[in-house]
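User: I'd like to learn how to read a helix and a sheet together. Can you walk me through a case?

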Amino acid sequence: MGQRLICCLDAPSALQPPPPLLPVRRKLLLLCIMLFLWLYMFYSCAGSCTSVPGLAGRPAAGAGEAAATAGAHGEGLQVLSKLLRRAPSGGAMGLAGSAAASPSEPREEQSAAPDPTSPISSFFNGSGTKKLPQAIIIGVKKGGTRALLEFLRVHPDIRAVGAEPHFFDRNYEQGFAWYRDLMPRTLDGQITMEKTPSYFVTKEAPARISAMSKGTKLIVVVRDPVTRAISDYTQTLSKKPDIPTFESLTFKNRTTGLIDTSWSAIQIGIYAKHLENWLLYFPIGQILFVSGERLISDPAGELGRVQDFLGLKRIITDKHFYFNKTKGFPCLKKAEGSSKPHCLGKTKGRTHPNIDREVVQRLREFYRPFNMKFYQMTGHDFGWD
């Protein structure tokens with residue numbers, strides 16, 4: 001009996017019960033916390049990457065890689081994403097989701113649009129959401145709108161449609177949902193833009209854009225109307241070599257010197273007339289007038305004004321441009337999403353035909369009173385006279 005007692009005293013561990021295991025609930029809670037932290041790190045990384053110009057210019061590729069990564073981690077993330085999207089509107093995720101829809105969009109379009117997604121699900125499903133544009137380059141044709149748009153796309157906080165949508169002049173019946181679908185995806189803090197120069201001379205465009213959002217910022221690139229008309233004619237001539245001469249199209253009656261204002265090349269340059277229509281729906285302070293001449297001579301200066309107007313940091317500066325002597329206008333040292341220099345295509349910078357000096361002088365006399373009125377309306381002398 002004594003030997004048994006000594007044996008037991010020598011092995012006390014044998015008398016103690018094994019340590020209790022952690023409850024299953026605590027393990028699951030720990031796993032969920034780790035999963036949430038992992039997702040938060042990915043979301044934070046996505047937000048940081050958009051501030052890098054090179055990465056911001058290639059959202060499609062990043063979205064595809066993110067979607068593939070999300071799929072590789074199983075259906076658990078998909079279930080979690082659905083749960084996050086169902087979070088109450090009063091929570092942090094609900095606030096982030098509601099911010100995805102632009103407050104300036106038409107009320108009827110907001111109700112018809114699909115429910116906005118959470119930031120995390122936006123990252124995995126396509127990097128941002130599509131919104132109606134907050135800023136539009138509305139004109140003018142052959143004024144330098146393409147150059148301005150290409151320059152602006154270098155900015156990491158600007159996302160723009162490449163092709164001209166022509167929504168407010170040709171495709172309005174398609175509806176705002178169709179229009180929104182044309183837009184690129186944007187993240188919080190980024191501006192959606194488009195450019196269609198014919199809006200400026202379209203009578204219905206101001207009312208239609210105002211119906212979309214009264215707060216839309218408008219940009220108009222203007223140029224000496226005589227030079228603009230010749231450039232317009234040059235473009236048409238390149239497509240239709242058999243058209244009449246510039247001189248014959250300019251006049252209704254050359255003997256009397258009566259200008260044919262029904263010809264679109266002439267009509268577009270009567271800026272004051274078109275601006276009057278826009279001022280019925282938008283205050284002058286909501287419209288920025290960019291000089292087409294200065295866009296060539298001082299692109300960084302004009303881009304600075306545009307960035308200020310849009311409420312963006314001045315990121316596009318002199319270091320982004322170099323002057324191409326062959327084309328006669330500035331080009332980008334590095335285009336959006338590329339490390340190579342970029343100039344506008346062959347359709348830009350065409351050589352103008354020689355126009356009779358008397359015709360040019362008559363056109364300058366014709367435009368002078370309209371130019372003076374335009375200077376007064378905008379508060380800026382563009383120096384065309």
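**One helix, one sheet**

Analyst: Sure; keep in mind that this is a predicted model. In helix α11, which spans residues 205-212, the buried residues are Ala205, Pro206, Ile209, Ser210 and Met212.

User: How do the buried residues of α11 fall when seen down the axis?

Analyst: General idea to begin with: an α-helix has 3.6 residues a turn, so residues three or four places apart point the same way. In α11, the buried residues fall within an arc of 155° seen down the axis, so they line one face of the helix.

User: And what do the buried residues of α11 pack against?

Analyst: Two strands and two helices: β2 (135-139) and β6 (217-222), plus α10 (176-182) and α15 (271-278).

User: Now the sheet. What is the order of the strands?

Analyst: Read across, it goes β3-β5-β2-β6-β9, an open sheet of five strands with parallel pairing. An edge strand pairs on one side only, and here the edges are β3 (158-160) and β9 (287-291). From one strand to the next, the twist averages 25°.

User: How many bridges join β2 to β6?

Analyst: Four, and the two strands run parallel. To find your place, look for Ala135, which stands opposite Lys217 in β6.

User: Which strands does α15 touch as it packs on the sheet?

Analyst: β2, β6 and β9; the direction of α15 makes about 160° with that of β9. Helix α17 (residues 299-309) packs on the sheet too, touching β6 and β9, and its direction makes about 170° with that of β9.

How values were computed. Residues numbered from 1 in each chain as written. Predicted model: local features only at pLDDT ≥ 70, side-chain atom pairs only at ≥ 80, totals over all residues. Heavy atoms only, no water. Buried < 20%, exposed > 50% of the residue type's maximum accessible area, 1.4 Å probe, protein only. Arc of directions from axis to C-beta. Contact = heavy atoms within 4.5 Å. Pairing = 2+ DSSP bridges. Axes fitted to C-alpha atoms, helices over the stretch in contact; angles between N-to-C directions.
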